[in-house]
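Subject: Structure handover

Dear colleague,

Here is the structure I said I would pass on. My notes follow below it.

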Amino acid sequence: TQIRMADILPAFQKILEYDGCVCILAQDGALLYAQGDLPSDADTENLADYSSRAWLKKDMASEEYGFQLAVMVPYAAAAEQILGRLAPLLLICGIVILSVILLTVQYARSFSQPLISLTNKIKGVTLENLDAQSSLKLQNASDEILYLNQVFSDMSVRLNKMIEEKMTQQAMQAELKYRVLQYQINPHFIYNTLDVIGTMGYEN
């Protein structure tokens, strides 16, 4: 990787924030200058070949100036810095996920509650309360459930009207039968009365 001298100083400041080390190496890998603390097991005579599981190392060569720039950062410090920067992001993600869950529960409740109310309304229908059931209103219901409720209410009204018409018709039929029977009884009663009077007069 080719670097310029203008890249070195900003690299110093950035890497030192991670408790790392910025080193300038000769072409043979020997240490020329170091800013920060070197690893305790580092070989300053051949730092270019240094490798450790505890340190993250990156080498950059500059052909223009004939040296190498080695950047070394402890894995633990880098991980701590990364986690520190990720913590707000994780908090935001947690808040977003919790908000989504709460909104989902609220939406499900707002959808299911009117449906439950409509179900209870249908279960509570009897011949005695058709008018009362048809007048019940649903709150915060979707258009589909409101349509079902309106259809059910209209059906209840029509059914109640049909029942009333049927009862009125049956009452009229009963009254008509009573009058027909009364008309049938009256002539027989008059005839029987005259017959009794005639019999009594004949006997006297």
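What share of the 204 residues in the protein chain is buried? Buried residues make up 24% of them. Please keep in mind that this is a predicted model.

Overall layout

The protein chain has four helices and four strands, and their order along the sequence is α-β-β-β-β-α-α-α. About 15400 Å² of the chain is exposed, with carbon and sulfur atoms supplying 61% of that area. Of the contacts with a separation of 6 or more, 44% are between residues 24 or more positions apart.

Strand 4 and its partner

Strand 4 covers residues 67–74, and eight of its eight residues are buried, so the strand is largely enclosed by the rest of the structure. In a regular strand, side chains alternate between the two faces of the sheet. Here F67, L69, V71 and V73 point one way, while Q68, A70, M72 and P74 point the other way. Residues on both sides are buried, Q68 included.

Strand 4 pairs with strand 1 (residues 21–25) in the antiparallel sense, over five bridges. Within strand 4, M72 is the residue that stands opposite C21.

Nonpolar cores

The largest nonpolar core has 10 residues: C21, C23, L25, A42, L47, A48, Y50, W55, A70 and M72. Strand 1 and strand 4 each supply at least two residues of this core, and the largest share, three residues, comes from strand 1. A second, separate core has eight residues, among them V22, I24, M60 and L69.

The two strand 4 residues named in the largest core, A70 and M72, are on the side of the strand that also carries Q68 and P74. L69, from the second core, points the other way.

W55, a member of the largest core, touches D19, D37, P39, Y50, M72, V73, P74 and Y75, leaving aside residues up to four places away in sequence. Of these, Y50 and M72 also belong to that core.

Surface

Which residues form a nonpolar patch on the surface? They are I82, L83, L86, L89 and L90, which together have about 470 Å² of accessible area. One of them, L89, is found in helix 2 (residues 75–123). L89 has a relative accessibility of 46% and therefore counts as partly exposed, as the partly exposed class lies between 20% and 50%.

Regards

Methods:
Residues are numbered from 1 along each chain as its sequence is written. This is a predicted model: local features need pLDDT of at least 70, side-chain atom pairs count only at pLDDT 80 or more; totals for chains, interfaces and linings use all residues. Side-chain values use heavy atoms; hydrogens and water are left out. Patches are made of residues with over 30% relative accessible area and no salt bridge: like charges are joined within 9 Å, nonpolar side chains (Val, Leu, Ile, Met, Phe, Trp, Tyr) within 5 Å. Accessible areas come from the Shrake-Rupley method with a 1.4 Å probe; for residues, only the protein chains shown count as cover. A salt bridge is a side-chain nitrogen of Lys or Arg within 4 Å of a carboxyl oxygen of Asp or Glu. Buried means under 20% relative accessible area, exposed over 50%, partly exposed in between (1.4 Å probe, protein chains only). Two strands pair if DSSP finds at least two bridges between them. Contact means heavy atoms within 4.5 Å. A nonpolar core is a set of buried Ala, Val, Leu, Ile, Met, Phe, Trp, Tyr and Cys residues joined through side-chain atoms within 4.5 Å.
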